[in-house]
Every structure is written in C-alpha cells, then in structure tokens.
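Colleague: I am new to this structure and should be grateful for a guided introduction. May I put some questions to you?

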Amino acid sequence: MEYLIDNEKHKIIYIEYQDELPHSIVTVFFVNTAKKPYWRPEYWYFFANNGDKNDLKAYNSGSGGDDKKIQAPQYIDGYLGARYWMADGIEFEGNPKNIKRIKTPKLLKGYKNSRNPFKVSEITHSCEYCDRCGHYSTEICEEHMYDDDEGNLRYRDDDTYE
Ligand SMILES: [Zn+2]
C-alpha cells in the first residue's frame with residue numbers, strides 16, 4: 001500500500017489500530033539524493049481531532065532508524081482493541097503484548113471505505129493533548145490551558161504543566 005506525501009512515494013509497512021481506528025503507522029520512502037540511497041522510515045501518529053472519529057488527523061512524530069524493524073507495541077492487560085498489520089519482511093524489535101496480528105489492513109468503514117489510513121485522514125503539523133478533555137487536537141485547548149510567563153503550557157485548574 002502506498003501514498004504520496006510531499007511528492008514522495010511512501011510505502012506503508014505497519015499499521016497499528018486501536019478500537020478499529022488507525023493509531024500508529026510506519027511508512028518508508030526512498031532517499032535517492034543521499035550518497036548511499038536508502039529507505040527512511042517515518043512514524044505517524046493518527047488521532048481523532050477533538051475526539052471526533054470522523055475527523056482523523058495524521059501527525060508525523062519522527063523519522064529515521066531501522067527500516068525493517070519496528071518497536072514492539074505493548075498494551076496493558078485487559079485492553080482488547082489493539083490490532084496490527086505488518087508488511088512482509090518487517091519484524092518487531094522486542095515482544096508485542098496484548099495485540100493481535102491481522103492479515104490485511106482493515107477496511108475503514110464509513111471512511112470512504114478505504115484500507116489506506118492516509119486516504120481517510122488529513123496530515124497535520126500540530127498535535128496537542130489536553131488531559132482535561134481527554135483527547136488530542138490540532139489546537140491547544142484554550143479552555144483548560146494557558147501560557148505562563150516563561151511560555152510553558154499549564155493547566156488552568158491546578159497550574160501543573162502539560
Ligand atoms: Zn481541554
């Protein structure tokens with residue numbers, strides 16, 4: 001499965017789902033401008049914007065590292081909603097916990113019926129969490145947070161840092 005991001009062809013090599021929705025994704029793209037061309041992994045965090053499952057966002061949370069190995073996901077006991085799909089030739093580093101493998105990427109029903117998470121979401125360059133709201137957003141939550149004199153984000157109710 002592939003997707004064009006900033007005119008680079010990205011191959012999707014790993015999709016992790018939580019409760020039917022894409023949550024964590026790894027893509028690789030070929031860097032042919034380097035002295036020794038190589039495949040560079042990019043890590044994507046997907047979230048329901050303001051908790052709205054019909055408004056999925058994809059946030060690039062980093063890149064680089066081994067293009068064939070993925071840090072094994074570990075979920076707490078009792079959580080049953082974790083699944084992953086992995087491309088051939090990719091393996092985990094470490095042991096996954098409380099997550100099941102699926103053979104094909106999930107059909108994202110109600111999301112244009114695609115299996116490709118990027119096709120049903122929008123790439124964003126900001127990802128902010130508000131603990132009081134309990135969800136991620138592309139915007140800082142002004143209702144619950146403020147910038148202190150040093151420019152650090154704090155919660156309004158008890159002045160703790162984000
Ligand atoms: Zn909030």
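Colleague: How many residues of domain 1 are in contact with domain 2?

Modeller: This is a predicted model, in which local features need pLDDT of at least 70 and side-chain atom pairs count only at pLDDT 80 or more, while totals for chains, interfaces and linings use all residues. Residues are numbered from 1 along each chain as its sequence is written. The domain assignment, automatic or from a database, gives domain 1 (2-125) and domain 2 (126-162). Contact requires C-beta atoms, placed from the backbone, within 7 Å; on that basis six residues of domain 2 are met by ten residues of domain 1.

Colleague: Which element gives the largest share of the side of domain 1 that touches domain 2?

Modeller: Strands are DSSP runs of E with at least two residues, numbered from the N terminus. Two elements, β4 and β5, give two or more residues to that side of domain 1. The largest share, three residues, comes from β4.

Colleague: Why does Y136 count as buried?

Modeller: Y136 lies in strand β12 (residues 135-137). A residue is buried if 20 or more other C-beta atoms, placed from the backbone, lie within 10 Å of its own; with 12 or fewer it is exposed, and in between partly exposed. Y136 counts as buried because its C-beta neighbours inside 10 Å number 21.

Colleague: How far apart in space are Y136 and F47?

Modeller: Leaving aside neighbours within four places in sequence, Y136 is in contact with F47, C127, E128 and Y129. Y136 and F47 are 89 residues apart in sequence, yet their C-alpha to C-alpha distance is 6.6 Å.

Colleague: Which strand gives the most residues to the largest nonpolar core?

Modeller: A nonpolar core is a set of buried Ala, Val, Leu, Ile, Met, Phe, Trp, Tyr and Cys residues joined through C-beta atoms within 7 Å. The largest one has 19 residues, and those with the most contacts inside it include I13, I25 and F46. At least two residues each are supplied by β2 (8-18), β3 (21-31), β4 (38-48), β5 (56-63) and β7 (82-86). The greatest contribution, five residues, is that of β2.

Colleague: In β2, which residue is the bridge partner of L4?

Modeller: Strands pair if DSSP finds at least two bridges between them. Strand β1 (residues 2-5) runs antiparallel to β2, and four bridges join the two. Two residues lie between these strands in their hairpin, where D6 takes a positive phi near 50°. The partner of L4 in β2 is K9.

Key
Two residues are in contact if their C-beta atoms, placed from the backbone, lie within 7 Å.
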